Amino acid sequence: MQVTMTVNGNEVTEDIEPRLLLVHFVRDVLGLTGTHWGCDTSNCGACVLWLDDVPVKSCTTLAVMASGRSVRTVEDLAQGGVLDPVQEGFMQEHGLQCGFCTPGMLMTARWLLDHDADPDENTIREAIAGNVCRCTGYENIVRSIRWAAAHADGAEQQAAPATDEVTA
Amino acid sequence: MQVPAPFDYERATSVDHVLTLLAERPGDARIVAGGHSLLPMMKLRLAQPEMLIDINDLTDLDYIRVDGDEIAIGAMTRHAGLLSSALLGEHYRIFRDAERVIADPIVRNRGTIGGSLCQADPSEDLSAVASALRATVVIQSATGRRTVDARDFHQGPYETAVGDAEMLVEVRVPIRPGAGSAYEKVERRAGDWAVASAGAFVQLDGDTIKDVGLGLTAVGAPHFTCVEAEEALRGQAASAENVAAAAQLCHDACQPQADQRGPEDYKRHLARELSRRVLTTSIARARGEQS
Ligand SMILES: Cc1cc2nc3c(=O)[nH]c(=O)nc-3n(C[C@H](O)[C@H](O)[C@H](O)COP(=O)(O)OP(=O)(O)OC[C@H]3O[C@@H](n4cnc5c(N)ncnc54)[C@H](O)[C@@H]3O)c2cc1C
Ligand code: FES
Ligand code: FES
């Protein structure tokens with residue numbers, strides 16, 4: 001069936017099967033592979049993106065359920081070649097190792113900071129309870145989000161790497 | 001990769017629309033709310049509905065409000081809404097206690113109270129909350145609305161009082177002035193289903209327990225409660241001894257099954273210990289000694 005939705009500000013229309021999951025729609029149909037596909041069981045949070053401005057697990061949402069709504073993926077965080085403060089924070093504070101959990105972490109963190117500009121450590125830990133990281137032990141992720149909170153205006157930002165470096 | 005079997009999809013525009021669609025495909029059509037129980041089951045092919053009726057556009061079913069001497073909660077109210085509600089926080093801390101430990105914040109953005117109760121998983125936390133509070137559930141069909149006690153709503157694992165051409169539209173909780181309430185859960189890791197959970201409310205008259213409600217989940221408690229313990233406490237002193245004796249009745253009345261979350265005797269132990277704790281906290285909150 002035909003679906004039309006806004007993805008990262010652009011309207012897209014596609015013909016899909018109702019059983020297609022949103023995570024596969026953004027990755028395989030739209031080619032937005034920043035959103036990761038991990039456990040497939042709504043546990044790990046690697047697939048978190050925003051649906052109508054709320055973080056959801058896209059492995060447990062049908063693409064047709066997003067029709068007529070807006071989707072925001074990790075690709076939309078950096079604007080005009082400048083990293084979002086949460087991306088910058090993960091870079092400054094070594095918030096990732098393998099990076100598999102990172103897109104989901106970033107989308108959850110961005111949403112948290114949009115609703116609580118100065119979260120304490122406990123608030124951050126509760127907010128990311130649906131995002132599993134196998135590498136960092138979470139300490140540096142908490143620091144990264146704290147860094148982003150302290151640099152909300154984007155101060156000390158470096159330019160984002162060119163796109164081809166990111167995908168290489 | 002887990003892929004559901006093919007199905008038709010319709011986006012409902014009103015409750016009447018849902019009921020019409022259900023009536024057209026009796027037994028084949030399923031409502032999807034948050035989808036956080038149904039879609040995982042469809043991905044594992046444990047459920048294979050031929051048609052899904054998406055009710056996420058029914059935003060007029062997303063509310064928490066005072067209605068007479070009850071609090072009315074719309075079926076599409078998400079876990080996140082229950083957690084952040086100031087109204088529920090004021091009247092029933094049990095919701096906030098429970099919602100903090102139901103799944104994780106991202107799942108809570110999608111899952112709904114209607115879906116939780118209709119899923120009727122034997123470990124569902126909101127089923128224990130509804131049972132503890134002796135809530136009622138409003139079910140709508142083409143011929144009108146009927147109200148069912150939460151304790152009669154669940155008719156077995158994954159079975160409810162909702163018929164093929166019906167839909168849950170509202171959950172109603174009586175307002176009990178001065179009541180204290182609480183919820184506690186033991187889980188293996190953050191965001192997991194309960195090994196065991198208990199919830200309670202207590203209303204005091206001086207030092208006497210005027211009314212009390214108990215909810216238990218994941219321990220095979222009939223109707224997610226323990227009426228023996230409630231009856232033992234009603235009209236008695238709100239003392240540690242009486243609470244401990246009632247908690248023992250919860251231990252004895254539940255029928256847990258050993259599984260990967262723990263053996264039977266451990267779950268019985270938790271039924272007793274968690275009941276004791278939530279009753280104690282409810283009493284302290286009713287006395288205004290604890291926030
Ligand atoms: C990773 C994870 C962890 C979880 N942990 C917990 C936990 O710790 N404790 C807990 O209690 N729950 C837990 N859940 C379940 C979660 O709370 C679900 O959101 C909830 O069980 C179902 O709500 P839903 O709106 O997603 O329902 P759906 O999946 O949309 O529907 C569930 C069932 O209810 C029916 N239904 C839905 N709405 C209605 C309605 N209005 N009228 C009639 N039928 C309806 C559907 O047809 C379906 O059969 C967890 C879920 C996940 C994915
Ligand atoms: S892939 Fe969606 S939660 Fe793990
Ligand atoms: S950085 Fe590897 S899983 Fe988080």
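1. Contact between the chains. In this predicted model, 32 residues of chain A are in contact with 30 residues of chain B. The area buried between the two chains is about 2400 Å², and carbon and sulfur atoms contribute 60% of that area. On the side of chain A, the residues that lose the most area to chain B are R19(A), T60(A) and M65(A); together they account for 26% of what that side buries.

2. Charged and polar pairs. Between chain A and chain B there are 4 salt bridges. D104(B) forms a salt bridge with K57(A), and the closest N and O atoms of this pair lie 2.6 Å apart. Across the same interface, 11 residue pairs are in polar contact, with both residues at pLDDT 80 or more.

3. Elements that supply the surface of chain A. Three elements of chain A, namely β3 (48-51), β4 (54-57) and α4 (121-127), each supply at least two residues of the side that touches chain B. Of the elements of chain A, β4(A) gives the most to that side, with 4 residues. By residue type, the side of chain A that touches chain B divides into 16 nonpolar, 10 polar and 6 charged residues.

4. Helix α1 of chain A. This helix spans residues 22-29, and its buried residues are L22(A), V23(A), H24(A), F25(A) and V26(A). The cover over the buried residues of α1(A) includes β1 (2-7), β2 (10-15), β3 and β5 (70-72) of chain A. Strand β3 of chain A therefore deserves attention on two counts, because it is included in the cover over buried residues of α1(A) and also supplies at least two residues of the side that touches chain B. After α1(A) comes G31(A), whose phi is positive, near 75 degrees.

5. The position of H24(A). H24(A) lies in helix α1 of chain A. The residue counts as buried because its relative accessible area is 4%, whereas the cut-off for burial is under 20%. When neighbours within four places in sequence are left aside, H24(A) is in contact with V29(A), W37(A) and M1(B). The list of contacts thus includes a residue of chain B, M1(B).

6. Domains of chain B. Chain B is divided into domain 1 (8-54), domain 2 (61-174) and domain 3 (180-286). Taken over C-alpha atoms, the centres of domain 1 and domain 3 of chain B are separated by 35 Å. D104(B), the partner of K57(A) in a salt bridge, falls within the bounds of domain 2 (61-174).

Methods. Residues are numbered from 1 along each chain as its sequence is written. Chains are lettered from A and ligands numbered from 1 in the order in which they are written. This is a predicted model: local features need pLDDT of at least 70, side-chain atom pairs count only at pLDDT 80 or more; totals for chains, interfaces and linings use all residues. Side-chain values use heavy atoms; hydrogens and water are left out. Domain bounds come from an automatic or database domain assignment. Contact means heavy atoms within 4.5 Å. Buried area is the accessible area (1.4 Å probe) that two parts lose on being put together, summed over both. A salt bridge is a side-chain nitrogen of Lys or Arg within 4 Å of a carboxyl oxygen of Asp or Glu. A polar contact is a pair of N or O atoms within 3.5 Å; within protein, one must be able to donate a hydrogen and the other to accept it, and residues adjacent in sequence count only if both atoms are side-chain atoms. Ala, Val, Leu, Ile, Met, Phe, Trp, Tyr, Cys and Pro count as nonpolar, Asp, Glu, Lys and Arg as charged, and the others, Gly among them, as polar. Buried means under 20% relative accessible area, exposed over 50%, partly exposed in between (1.4 Å probe, protein chains only).
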